[in-house]
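Colleague: Hi! I'm new to this one, so could you walk me through the structure?
Modeller: Happy to, let's put it up on the screen.

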Amino acid sequence: MLDYFALGVLIFVGLVLFYGIIVLHDIPYEIAVHRNHPHQDAIHAAGWVSLFTLHALWPFLWIWAMLYRDDRGWGFHHGRTPAEEADYLERQLAELRQRLDVLEGRKATPAVPTTTQSGGEG
């Protein structure tokens, strides 16, 4: 009787470990689903691949899933709305074009020496 109980406990522990590892590797996918991540499927597939790579990918999947949030996206907009960000980038582009025009204008004209030599003249 004790042999059957021990066998049952071993089978139960084996099944819990097996399914526990699968649930553990689905945590990044569940985070991605909760955050409405645009790469949910890729994170889920990479989680399965991580099972076969001795869990080497799993910490990176966790980070990848945590990077995106629905309310702020990837977090690179510096507190500006998309329209404000577009205006800022357009102003920056216009400034860079103006600076480039000035630099190209200087290249087109011959160089004028800015320093005078105080050699023999005086």
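Colleague: What pattern does the chain follow along the sequence?
Modeller: Read from start to end, the pattern is α-α-α-α-α. The chain has five helices and zero strands. Helices (H or I, at least four residues) and strands (E, at least two) are DSSP runs, numbered from the N terminus.

Colleague: Anything I should know about the model before we dig in?
Modeller: This is a predicted model, where local features need pLDDT of at least 70 and side-chain atom pairs count only at pLDDT 80 or more, while totals for chains, interfaces and linings use all residues. Residues are numbered from 1 along each chain as its sequence is written, and side-chain values use heavy atoms, with hydrogens and water left out.

Colleague: Thanks! How much of the chain counts as buried?
Modeller: Of the 122 residues, 16% count as buried. Buried means under 20% relative accessible area, exposed means over 50%, and partly exposed is in between (1.4 Å probe, protein chains only).

Colleague: And what about contacts across the sequence?
Modeller: Taking contacts between residues at least 6 apart in sequence, 53% join residues at least 24 apart. Contact means heavy atoms within 4.5 Å.

Colleague: Let's look at helix packing. How do you describe a packed pair?
Modeller: You give the angle between the two axes and the distance between them. The axes are lines fitted to C-alpha atoms, for helices over the stretch in contact, and angles run from 0 to 180 degrees between N-to-C directions.

Colleague: OK, at what angle do H3 and H4 cross?
Modeller: The axes of H3 (residues 40-52) and H4 (residues 58-67) cross at roughly 165° and come within 9 Å. H3 and H4 are therefore roughly antiparallel to each other. For the wording, angles under 35 degrees count as roughly parallel, over 145 as roughly antiparallel, 65 to 115 as roughly perpendicular and the rest as oblique.

Colleague: Which residues make that contact?
Modeller: From H3 they are Ala42, Ile43, Ala46, Gly47 and Ser50, and from H4 they are Trp58, Leu61, Trp64 and Ala65. The residues of this contact of H3 with H4 divide into seven nonpolar, two polar and no charged. Here Ala, Val, Leu, Ile, Met, Phe, Trp, Tyr, Cys and Pro count as nonpolar, Asp, Glu, Lys and Arg as charged, and the others, Gly among them, as polar.

Colleague: Ser50 caught my eye. Is it buried or exposed?
Modeller: Ser50 counts as buried, at 0% relative accessibility. Not counting residues up to four places away in sequence, Ser50 touches His25, His55, Ala56, Leu57, Trp58 and Leu61.

Colleague: Switching pairs, how do H2 and H4 pack?
Modeller: H2 and H4 pack at an angle of about 5°, with their axes 9 Å apart. That makes H2 roughly parallel to H4. Ile27, Pro28, Ile31 and Ala32 of H2 meet Trp58, Leu61, Trp62, Ala65 and Met66 of H4. The residues of this contact of H2 with H4 divide into nine nonpolar, no polar and no charged.

Colleague: Which residues of H2 are buried?
Modeller: In H2 (residues 27-34), those are Pro28, Tyr29, Ile31 and Ala32. They cover an arc of only 160° around the axis, which puts them on the same side of H2. The arc is that of the directions from the helix axis to the C-beta atoms. The buried residues of H2 pack against H1 (2-25), H3 and H4.

Colleague: And the buried ones in H4?
Modeller: Those are Trp58, Leu61 and Ala65. They cover an arc of only 55° around the axis, which puts them on the same side of H4. The buried residues of H4 pack against H1, H2 and H3.

Colleague: What does Met66 contact?
Modeller: Leaving aside neighbours within four places in sequence, Met66 is in contact with Ile31, Arg35 and Arg72. Met66 and Arg35 are 31 residues apart in sequence and 8.2 Å apart in space, C-alpha to C-alpha. Met66 counts as partly exposed, at 32% relative accessibility.

Colleague: Last topic, the loops. What is the phi of Asn36?
Modeller: Asn36 has a positive phi of about 55° although it is not a glycine. Most residues other than glycine have a negative phi. Asn36 lies in the loop between H2 and H3, and Asn36 is partly exposed, with a relative accessible area of 43%.

Colleague: And Leu54?
Modeller: Leu54 has a positive phi of about 55° and is not a glycine either. Leu54 lies in the loop between H3 and H4, and Leu54 is exposed, with a relative accessible area of 72%.
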